[in-house]
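Hello,

Here is the structure I promised to hand over. Please open it alongside this note.

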Amino acid sequence: MNKIYFLFFFIFLSILSCGNDDTPEECGITGDLSDIPYNPQNYTITKPDGFPEMFIPADNPMTVEGIELGRHLFFDPILSADSTMSCVSCHFPSLSFTDGVATSTGIDGISGTRSSMSLLNIGYVEKGLFWDGRSNTLEEQALVPIEDPIELHDTWENVESKLKDHPSYPEMFREAFGIEDRSEITKELAAKAMAQFERTLISSNSKYDKVIFQGQAAFTDSEDRGMRMYTDAQGGLPDAECAHCHALHLGTSDDFFNNGLDSVGSLTEFMDLGLGGVTQDTFDNGKFRAPTLRNIALTAPYMHDGRFETLEEVIDFYNESPNHENSSNVDVNIRPLELTDQQKQDLVNFLHTLTDTVFTKNPAFQSPF
Amino acid sequence: MKKLFPIILFSSFLFFQYSCKPDPTLEATTDVELVFKGKYADEVLMINTVYDYDGSPIRFDQFNFYISNVVLVKEIVGNPEETELLEIDFVDLSFKPADITDATKGFVITAPNIPVGEYSGIKINLGVASDLNKTSWEDYGTGHPLRKPGHFWSAWESFIFSKTEAKIDIDSDGSFSHKLAYHTGSDAAYRTKFFAKDITLDEDATSSILFTVDAKMMFDEIDVMTETGTHNINDMDLVNEVMDNLQEKALAIE
């Protein structure tokens, strides 16, 4: 009987012993980083008006140190095989974290088939990242570009060893995640830090926000007409149906649609299968994420393959919706809109009210180097 | 060793205290499953599946609706007593053909810890109750049924109570070009449906209450050739017709 009590007691002791508050010595582990203080400061996201609460995974709470590490990694070419490129090579802050070209080119000069995406308000995306939704979380996503042959084309093993040997990263990993030894630097921690940084990329200072929430500006008549058409609010104006898929205030309904870009003979003929390539459901072929339209004026060219140069071209496309009857999964809300030239201009003008340069110029989002 | 005993006893007490918490109330409860089976006339409803609409092929893209304040009713001689099953939930019958097993089983919502006993009916409200309809999708956390940016319409200042989206191949030429987008919303579209039915909840078994929702009935007595959509504020007549159809013809209890 006594033995059983002892057993309980030792289990109890072992649960208590290696707690977070203990020094490594008490836990019997020593390492080369344990002298560096580990006091991460919580970082709380201030919820802008009209925005939802951002979902933060329980295993990756935001800290000032984690975000700072993430920012360094995001801007550091140490992540690429030949140290020439980093995330910022295709996600420039000034272009709302896109790269201004139709399809992005990686370190080997190979061009991908898809256009870079704006990382603005990326923390609010819940239904899958990328144009086709294939990545579930920012933590999972950040692992991808490193090894992608048409992006940074390195191996994580190599990147991990570069980070371990680096003069300052081990200390930053210690401060962010409390590791005891540089050998504990992993790709998962690097991805967590980048995800923390990305969750801070919030844009809520556009003219739209000033008009709708802050009462500090007013729409011009044209912008106002544009917004009413965008949201199908009537008042003698035609419906432009945009808000079904690009719902306000975030400018996206966080969902996947076929907006009728391509004329195809059958659902298997799309050049890029989009969501269907991920779900393996033919009816998802040709569906892509309806991205946020915040800062859309800064992120040309447009669509997953960058086929449209200007917003005017985009509106012309929706106005005509030439393929609305063509493939069987074109969304029900895609149809010719019959807008006049003035109405098309009104829509473009409204889209410009979603521009937020406070965001693109935010010092916290620029290179730390 | 003796000194350790109280510590061990106390810690095991703490352990048990936190590990299993018996329900302090003595009232017996059970879980109630609300099962919604989508159908199209007599067939199991799935999206991307062809059915017959008055001689023309029809195919659905989505079919879903909100339910609010679902209560079990107990008639205590002229004085009905209500037991809440749920405040708000979203019934999504847009099953894909690959998920035919789930489609056949139906969309299941579980209401936990409902007092056992005899009830005489169930009340379901269709749409989002006006107090919640004053809020917006952004007010809810991830996973909440109201956190659906695609089911809120700012111009209406309302959640979209139901979406019935389908396409008809009018001339049977293989092109499903006639599109129907029936979206409903606003307080005026809220409907209450009461089913009188003896429902007995036993302590030992999960009880299921089975409903069927016939998507074909959503179009009943509506001219789908001319009425193709309801997404603007001036379409309230059509919104009302669609919600009446959901309330009176599409939704039934088994």
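Below is what was found, starting with strand pairing and ending with surface charge.

Please keep in mind that this is a predicted model.

Strand β1 of chain B covers residues 29–40. Three pairings of β1(B) came up.

- With β6 (residues 107–115) of chain B: β1(B) runs antiparallel to this strand, and seven bridges join the two. Look at B:E33 here, whose bridge partner in β6(B) is B:T110.
- With β12(B): the two strands run parallel, joined by eight bridges. B:F36 stands opposite B:F211, a residue of β12(B).
- With β2 (residues 43–44) of chain B: this pairing is antiparallel and has two bridges. B:Y40 faces B:E43 of β2(B) there.

β1(B) and β2(B) form a hairpin with two residues between the strands. B:A41 has a positive phi in this hairpin, near 50 degrees.

Now the surface. A patch of negative charge gathers five residues: B:E118, B:D198, B:D202, B:E203 and B:D204. Where in the chain does B:D202 lie? B:D202 sits in the loop between β11 (191–201) and β12 (207–214) of chain B. That loop therefore leads on to β12(B), the parallel partner of β1(B).

Is B:D202 buried or exposed? Neither label fits: B:D202 counts as partly exposed, because its relative accessibility is 46% and that class lies between the 20% and 50% cut-offs.

Best regards

Conventions:
Residues are numbered from 1 along each chain as its sequence is written. Chains are lettered from A and ligands numbered from 1 in the order in which they are written. This is a predicted model: local features need pLDDT of at least 70, side-chain atom pairs count only at pLDDT 80 or more; totals for chains, interfaces and linings use all residues. Side-chain values use heavy atoms; hydrogens and water are left out. Patches are made of residues with over 30% relative accessible area and no salt bridge: like charges are joined within 9 Å, nonpolar side chains (Val, Leu, Ile, Met, Phe, Trp, Tyr) within 5 Å. Accessible areas come from the Shrake-Rupley method with a 1.4 Å probe; for residues, only the protein chains shown count as cover. A salt bridge is a side-chain nitrogen of Lys or Arg within 4 Å of a carboxyl oxygen of Asp or Glu. Lys and Arg count as positive and Asp and Glu as negative; His and the chain ends are not counted. The place of a charge is taken as NZ of Lys, CZ of Arg, CG of Asp or CD of Glu. Helices (H or I, at least four residues) and strands (E, at least two) are DSSP runs, numbered from the N terminus. Buried means under 20% relative accessible area, exposed over 50%, partly exposed in between (1.4 Å probe, protein chains only). Two strands pair if DSSP finds at least two bridges between them.
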